[in-house]
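Let's take a casual walk through the charged pairs and a greasy spot on this model. Have the structure open as you read.

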Amino acid sequence: MTEKPKLSMYWASSCGGCEISLVNINEKILSVDASFDFMFCPCLLDTKKKDIEALPDKSIAITLFNGAVRTEENEEMARLLRKKSRLLVAFGSCSSGGCIPGLSNLHAAEDNFKTIYLNNPSIDNPGGVVPQTEVNVKEGSLRIPAFFDKVKTLAQVVPVDYFIPGCPPEPHQIWNVVEAIVQGGPLPPAGSVIGAGMSAVCDECEREKEDKKIKKFYRTYEIVPDAKKCLLEQGLLCMGIATRSGCGGLCPRVNMPCTGCYGPPAGVMDQGAKMVAALGSIVDIGDTKGLSEDEIARRVDKIIDAIPDFAGTFYKYSLSGSILRGRIA
């Protein structure tokens, strides 16, 4: 009997939604099982690290690596799985762009610890204890993985063959990728984004689009948007114009703005910069004839100030992989 190719899935710094998305391919998971020996997945299987280390190099056909690289353990596993895998796939937004964990790059690791373990109203920590990499107790020395100062994407640590975007990736896109691999079809060049479209979410959004001129931005709880018109034109900050297609425009379909989880469209280096550039061309401050530069700036600020969190809006899924990568001053 021919041995099935090995499939592994690793969970680094992430929420676990990527594992759920794999299960959400429903009955097709049986086809995955029929085609692969699913031999490593820490949240489902009890395979140990030493079992992976014992494998010959490149003996795992595909590793789906989800999660950003936050700790020493994440980086060690990224290097180990790169060595053991023929195809290493950055699976989901965290491994591709840093996603929510990447937003912590706006602060130093020491400041993150202060917020998490000390200056937090839900914490009872009178001794001011924070995690240490190594602690000596009477039984011996205890060691936990080092917490890096910055969150990194998988590609910033090891070479990556493919990227499947999404928070999490949509099940039908996961299946498209699995099916292509199982059938042995030609795969795109290494480094490509797969399981997604090439254009922007706006191109698959069915809402009516007209001339975009925005006089005011609204939070989602402030208005009930027209169900047929473009959300951005109604003042809701929809990231569809700066986000790769492939999800089917699911959020706009249910009257919610796209938040950008599929990352930048093909050919766009920085998703946040793309969105800022787009807004610069559609913000409407009225007639500027005869206005001083200060008055023009005041009108622009009045509109832009309605956006509550620039980094969390424009770089929610991509800060680690962006041009900025984090706090720069």
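Strands here are DSSP runs of E, at least two residues, numbered from the N terminus. Leu142 sits in one such run, strand β7, which covers residues 140-143. Keep in mind that this is a predicted model.

Leu142 also has a part in the surface: together with Val135 and Val137, Leu142 makes a nonpolar patch of about 220 Å².

Now for the charges. How many salt bridges are there? The count comes to 15. Three of the pairs are set out here:

| Pair | Closest N to O distance |
|---|---|
| Glu3 and Lys6 | 2.6 Å |
| Arg298 and Glu295 | 2.8 Å |
| Lys215 and Asp284 | 3.0 Å |

In the Glu3 and Lys6 pair, the two partners sit in opposite settings: Glu3 is exposed, with a relative accessible area of 60%, whereas Lys6 is buried at 13%.

Arg298 and Glu295 are three residues apart in helix α11, so about one helical turn separates them. Both are partly exposed, Arg298 with a relative accessible area of 46% and Glu295 with 23%.

What does the bridge between Lys215 and Asp284 link? That pair joins distant parts of the chain, 69 residues apart. Lys215 lies in the loop between β10 (192-193) and α9 (250-253), while Asp284 lies in the loop between α10 (271-282) and α11 (293-304). Lys215 counts as exposed, at 59% relative accessibility.

Finally, salt bridges also form a network here, and its members are Lys49, Glu53 and Glu76.

Methods:
Residues numbered from 1 in each chain as written. Predicted model: local features only at pLDDT ≥ 70, side-chain atom pairs only at ≥ 80, totals over all residues. Heavy atoms only, no water. Patch = residues over 30% accessible without salt bridge, like charges linked within 9 Å, V, L, I, M, F, W, Y side chains within 5 Å. Areas by Shrake-Rupley, 256 points an atom, 1.4 Å probe, with all protein chains shown as cover. Salt bridge = Lys/Arg side-chain N within 4 Å of Asp/Glu carboxyl O. Helix = DSSP H or I, 4+ residues; strand = E, 2+ residues; numbered from the N terminus. Buried < 20%, exposed > 50% of the residue type's maximum accessible area, 1.4 Å probe, protein only.
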